[in-house]
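Colleague: I am new to this structure and would be grateful for a close look at one part of it. Could you take the salt bridges as the point of departure and describe what surrounds them?

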Amino acid sequence: MERILSSPDLQASDRRRAFLRYVVEETLAGRADRLKGFTVALAVFGRDETFDSQTDPVVRLEARRLRRDLDSYYVDAGSDDPVRISIPKGSYVPHFEWHDPALAAKAPSAEREARTKLPGSGEAPGISEEIAATGRMRPRVLLITAIVFAILAAAMAGWLLMKRMSGVEPTASADTVNQPAVVVLPFEALGVSETNHYLATGISQELIGDLMLFPGFRIYTFPASQEKDIRAAGPTELGRDLGVAYVVSGSVRAEAEEVRVATQLIDAASGQVLWARAYERPLEPDALIQVQRDLSAEIATELGQPYGVVNSEMNVRLTTPQVSDMHSYVCVLRAYTFRRNFSSADFAPVLQCLEEAVRRDPDYSDAWAMLGWVLVDSGRIGIRGEDKRQEEYDRALQAVTRAVTLAPNSPLALKALAAVNHYIGRYDESERLARIAADLNPYDPEALAQLGWRLAVRGKFEEGIPILKRAIERSANPPGWYFVLIAIDLYLRGDFEPMLSVAERSAPDGRGVSQALIAIAAGELGNQDLARQALAKMAEYESISSDPASYFRRHGATDEITDALETGLEKARRIAAGA
């Protein structure tokens with residue numbers, strides 16, 4: 001254990017390292033039977049007696065990541081370690097296995113039994129003497145094993161697709177909702193080397209798993225064994241025969257020092273290429289698994305995020321016959337559009353659409369989540385008046401609670417619940433939920449932005465601002481509100497020129513608060529005309545212009561932030577008036 005934890009090649013975070021130390025030491029102390037999710041959550045992750053694994057999956061998520069960390073470590077730096085530690089799926093009890101049979105044979109029988117057996121388990125599986133004796137074959141064996149598992153995963157996914165073609169829908173959290181389907185074709189290996197084929201298979205399967213983290217569409221794939229037939233069919237034939245809306249395809253070419261991945265999204269109805277992108281990465285033979293993961297994550301982020309390629313393209317086609325029967329899903333898309341610009345004119349029809357969606361599809365978690373989110377937006381902005389705010393917060397809490405009950409591990413539902421908790425003043429709970437949502441889908445820029453925003457508005461700029469910047473970097477088209485707290489942080493630091501630039505980036509859909517920040521920056525820079533223009537535009541938004549301090553506090557801003565922004569607005573008014 002100490003060998004692993006002291007290795008710079010172990011990619012685990014500090015808390016996953018603590019996780020590994022805890023479960024190993026508890027097992028060696030004879031307390032393996034106590035290693036449950038609840039005890040790990042209390043000992044390692046700082047949870048209290050109210051911990052509920054159904055609403056807080058942190059232990060399961062971190063265990064899954066720790067297993068990947070250990071796999072990567074043993075492929076490279078730990079390939080010659082005499083004893084290997086693993087954490088079998090479905091358990092938090094570590095498994096200890098001799099890697100060198102010669103050492104195992106020399107160990108005293110009592111020690112050997114203790115190290116190869118766990119309480120309640122059978123003997124540890126043996127290792128091929130030929131592989132263990134040389135040590136050099138192990139990475140290759142793991143590589144082949146990874147490919148085999150990827151092919152098996154593809155075969156299973158293809159089997160599900162074949163069932164669908166026979167009229168049987170795969171199980172889904174919202175299987176009553178007709179969402180657009182996306183088929184991911186096996187990526188093509190351009191070249192005959194083993195590396196090309198390994199990466200092509202691996203990226204295809206990683207991409208499928210990453211895309212499945214995003215709500216809003218169904219993902220299908222084919223087994224690699226059918227690759228030739230699939231490519232001969234073409235995207236339009238696939239769209240006609242399978243009923244999919246989009247086809248994702250790609251190719252991989254690994255050369256001496258570089259790997260290049262090209263991918264595209266195709267409209268299955270017309271064959272039109274809607275989006276295409278090429279990615280290039282240094283080819284590091286000892287880090288192929290990490291390259292594979294990074295590339296698939298980047299592709300999934302661009303395609304699947306709330307304001308990404310697929311959802312943006314679907315928004316353009318909302319009235320076409322292809323989506324005319326996707327009423328509930330279309331309502332969720334319309335809610336995303338509303339949440340980008342918070343237009344008062346769009347609120348009533350979006351609200352009505354979502355209310356009809358949850359009546360029509362009462363088990364559709366996404367619709368309940370967006371219903372709650374839209375209601376809390378109305379309350380915080382004051383769309384239906386100050387007297388309706390508490391009523392809308394109450395309704396929002398009921399809706400998002402229903403969403404989480406239907407789908408406890410849905411990032412969308414947890415993001416919405418975090419938002420409601422923030423606006424009813426439960427800031428710690430809001431932050432906790434936002435962290436879970438970001439952990440569940442680390443490729444979703446909006447989950448990062450929500451977390452960064454909630455941290456920064458409560459004065460935790462050092463942690464929140466880097467998260468917001470990471471969300472912006474990963475976003476295909478970041479909404480204006482992603483920039484607001486970054487501009488406020490720059491103002492508090494006295495960096496007024498960059499503050500103005502960031503505030504202007506938030507303006508297209510950042511509403512009155514963006515104009516307030518532009519006015520504050522202009523006032524600090526002595527720009528009279530800009531300060532006057534921004535204040536005039538801010539006046540169009542009564543919710544902030546009538547009482548800025550109440551507006552900032554209503555959004556959870558600390559007293560320090562509120563007082564500083566009030567002071568900045570006063571100075572902007574004096575500059576605008578020529579004083």
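Modeller: In this predicted model, a network of salt bridges links R15, R16, E62, R65, D69 and D439. The structure as a whole holds 30 salt bridges, and this network offers a convenient place to begin.

One pair within it is R15 and E62, whose closest N and O atoms are 3.2 Å apart. This pair joins distant parts of the chain, with R15 in helix α2 (residues 14-28) and E62 in helix α4, 47 residues apart. The two partners differ in their surroundings: R15 counts as partly exposed because its relative accessibility is 32%, whereas E62 counts as buried because its relative accessibility is 1%. In general, side chains of opposite charge can pair when their charged atoms come close.

Helix α2 also contains a salt bridge of its own. The side chains of R21 and E25 meet there, with a distance of 3.4 Å from N to O. Both residues belong to helix α2 and stand four residues apart, about one turn of the helix. An α-helix has 3.6 residues a turn, so residues three or four places apart point the same way. Both partners count as partly exposed, R21 because its relative accessibility is 30% and E25 because its relative accessibility is 40%.

The network includes D439, and residue 439 falls within the range of helix α19, residues 427-440. That helix has 14 residues and reaches 20 Å from its first C-alpha to its last, close to the 20 Å expected at 1.5 Å a residue. Its buried residues are S430, E431, L433, A434, I436, A437, A438 and L440. Among the elements that cover these buried residues are α4 (58-75), α18 (411-423) and α20 (445-457). Helix α4 is thus met again, as the helix that holds E62.

A further salt bridge joins E386 and R389, where the closest N and O atoms are 2.4 Å apart. E386 counts as partly exposed because its relative accessibility is 48%. R389 lies in helix α17 (residues 389-406), and R389 counts as buried because its relative accessibility is 12%, and buried means under 20%. Apart from its neighbours within four places in sequence, R389 is in contact with G379, R380, G382 and R554.

One of those contacts, R380, leads to the interior space of the model. The structure holds two cavities of 30 Å³ or more, and the largest has a volume of about 450 Å³. Of the 30 residues that line the largest cavity, R380, Y423, W453, W481 and H555 lie nearest its centre. At least two lining residues come from each of α16 (365-381), α18, α20, α22 (481-493), α24 (511-525), α26 (542-545), α27 (548-554) and α28 (559-576). By class, the lining comprises 19 nonpolar, five polar and six charged residues.

Two helices connect the account of α19 with that of the cavity. Helices α18 and α20 are among those that cover the buried residues of α19, and α18 and α20 each supply at least two residues to the lining of the largest cavity.

Key. Residues numbered from 1 in each chain as written. Predicted model: local features only at pLDDT ≥ 70, side-chain atom pairs only at ≥ 80, totals over all residues. Heavy atoms only, no water. Expected span 1.5 Å × (residues − 1). Buried < 20%, exposed > 50% of the residue type's maximum accessible area, 1.4 Å probe, protein only. Contact = heavy atoms within 4.5 Å. Salt bridge = Lys/Arg side-chain N within 4 Å of Asp/Glu carboxyl O. 1 Å grid on protein atoms, 1.4 Å probe; cavity = no way out; pocket = protein on both sides within 12 Å on 5 of 7 lines; lining within 4 Å. Points joined across faces, edges and corners; volume = space filled by probe spheres on them. Nonpolar A, V, L, I, M, F, W, Y, C, P; charged D, E, K, R; others polar.
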